[in-house]
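The following note is meant for a colleague who is meeting this structure without prior acquaintance. Please read the points in order, with the structure in view.

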Amino acid sequence: MDEEGTNNTSDLSSDKVAAPAGVAVGVASEALVQGLVDVLDEILSFSEFRNAYRRQFCNLSRRIKLLGPLIEELRESKEGIPDDALQSVSEFKEGLDLARDLLRLGSEGSKISLVLETEKINKRFYEVTSHLERSLSIIPFDKLDVSDEIKEQVELVHAQLKRAKESTNTADSELHTDLLSIYNNPTSNPDPTILRNLSEKLQLTTIPDLKQESAVLHELAVSSDGDPGEVVERMGCLLKKIKELVQSEDPEGSGSFRKGENKMEFLKLKGPVIPDDFRCPISLEMMKDPVIVSTGQTYERECIEKWIQSGHNTCPKTQLKLPNSSLTPNFVLRSLISQWCESNGLDPPKPPAHPPKSHSVCTAGEHSRVLSLLHSLSSLSVEEQRNSAAELRLLAKRNAENRACIAEAGAIPLLVSLLSVSDLKTQEHAVTCLLNLSIFEENKGRIIASGSVPGIVHVLKRGNTDARENAAATLFSLSVIDENKVTIGASGAIPPLVSLLNNGTQRGKKDAATALFNLCIYQGNKGKAVRAGIVPILMELLTETNSGMVDEALAILAILSSHNEGKAAIGAAKAVPILVQQVKDGSPRNKENAAAVLVHLCNGDFIMEVSELGVVEVLEELRSSGTDRGKRKAVLLLERIGRFLDQQKEVESQILMGPACQ
């Protein structure tokens, strides 16, 4: 369709005939959206801002990254950008172009030059921030095909940009003064203390840092047609003095200037404040491998393992008894920590090394036994297949070393082939073995690559009760990797998961709910879940006090409500009174999820119903004492209800006054 439109436009142009308005607008819309995608890709490629303006550059980069989903939805929209929104979106594109140029300077430019041109850099930050803030304020989002969730995120970024524009980010005056004192006296011998402070603040503390700065100054000299001028020469002289200091005090170039002081400790004192949620409650350090214990609390794996191995059977934070010692990787938190580190110019914490490969963790006898079992999986005997799958299932459950050993021996394709056999017990053992293998992170990719998803969905539809539940759990385990969410959703997994949520045992419903929640994080799966009939089932679980599924139902509704089909289905299910009741009486987490759903509903036709149910007082309480997310949702709801009530009063006032005199 796109090619056909392009060819038609080209033909008409060659005959000097104007293209129809609709075609011209469509081409302009496509070009504009592609331009947004291209400039965002460029901005995302700038990974480091190791200079005196690191915080400002990181803040600007982070805010633009938050606008990425908006650009993604514009690209996926079938409607394109309407004619009356082209101008405002074009202004937004211009703002991104300005931001890209500034961020490139922060990533690739001279660190010394940035400080010398403090006034000019501050002015550019203000101009970029103002342009982006102004352009977001004039885009008619009601005319664009974007979800409420994206609109909320844009509102957040717009508010941040507005605050950033109004605040005055004064540069480090001491740094500027010290730099000028040496820059203006190139022949003098500078105070080593001042030079050392300059090196640290400019982040020119290692040989690679110095080489990069030297290369940038060299490019400046080359671009000046062989006449670098006094400015570049003086910057080069300053860099040479810093380099001499680094080499004299730190010959290995590690950046550890301060004698008797650990560099990492120094950086901790100077770096950004780590959010409390990212710290392990035991060590109080930022987590590298966060895991969830059975009470729902998250800890650094190494710390909680030592706690349990030392004989404790309670949760350190809540003091509740641990029903078991299982540890579940918290992939969502690990991802958030990585994003925060990147936004603040820090290296993301490296995940721990995987357990050693099978040849180093399996004895020769164990490895031989695994190979024997794999041989039996290919047997023509149903009983032999069943028994071998059962034993592999138990071995895979035992420990991570076995999971690595079994997978590397080639078990996964053989297990996948058993998912479609007629013997239900063999199916159950095969899918459960895959579930156990998937706990080892490296195996997730192997299982997906083996083409297992259709077979797992087949078991989910037609297996026995235990097999269906374990198939749902397997899909949840695999879906923690984002790209797998797309694959699983496209394979037809969502309708049978919804069916299990409706008709399964208590355990089956829990497994289905966790899988559906994870899958629906991907926007493209939300509509599939709604069309599969999930909303009425969730409402039923929400109203059954003994269902034990209220938490899960509200969490899924909160995700679905950001999708237009989800919002319509929730409204049609007469959910508003039930949601308001949850805001009044639910747990802290349920209050925030119920409020999140109401925020989306109050963007449409249900705001009158919400305002008539006496929710304002409850929202005031939530705003003052709820969770952080609950407080944000309460503020949004109160603002929208307040605007609606003001409009109602204005209408009533006009009615009472009667028609205006002619």
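1. A residue is called buried when its relative accessible area is under 20%. By that criterion, 45% of the chain's 662 residues are buried. The model is a predicted one.

2. As to secondary structure, the chain contains 36 helices and three strands. Among contacts with a separation of 6 or more, 71% link residues 24 or more positions apart. The exposed surface of the chain comes to about 33700 Å², and carbon and sulfur atoms contribute 51% of that area.

3. The largest nonpolar core comprises 90 residues. Leu497, Leu501, Ile534, Leu560, Leu579, Leu598 and Leu619 have the most contacts inside this core. Helix α30, residues 550-560, supplies its largest share, namely eight residues. A second core, separate from the largest one, has 41 residues, including Val33, Leu40, Leu60 and Leu74.

4. Which residues does leucine 501 touch, once its neighbours within four places in sequence are set aside? Its contacts are Lys509, Ala512, Ala513, Leu516, Ile534, Ile537, Leu538, Leu541 and Met549. Ile534, one of these partners, is also listed with Leu501 among the residues having the most contacts inside the largest core.

5. Helix α8 covers residues 148-166 and has 19 residues. Because a helix should rise 1.5 Å a residue, a span of 27 Å is expected for α8, and its end C-alpha atoms are indeed 27 Å apart.

6. The buried residues of α8 are Asp148, Ile150, Glu152, Val154, Val157, His158, Gln160, Leu161 and Ala164. An α-helix has 3.6 residues a turn, so residues three or four places apart point the same way.

How values were computed. Residues are numbered from 1 along each chain as its sequence is written. This is a predicted model: local features need pLDDT of at least 70, side-chain atom pairs count only at pLDDT 80 or more; totals for chains, interfaces and linings use all residues. Side-chain values use heavy atoms; hydrogens and water are left out. A nonpolar core is a set of buried Ala, Val, Leu, Ile, Met, Phe, Trp, Tyr and Cys residues joined through side-chain atoms within 4.5 Å. Buried means under 20% relative accessible area, exposed over 50%, partly exposed in between (1.4 Å probe, protein chains only). Helices (H or I, at least four residues) and strands (E, at least two) are DSSP runs, numbered from the N terminus. Contact means heavy atoms within 4.5 Å. Accessible areas come from the Shrake-Rupley method with a 1.4 Å probe; for residues, only the protein chains shown count as cover. The expected span of a helix is 1.5 Å times one less than its number of residues.
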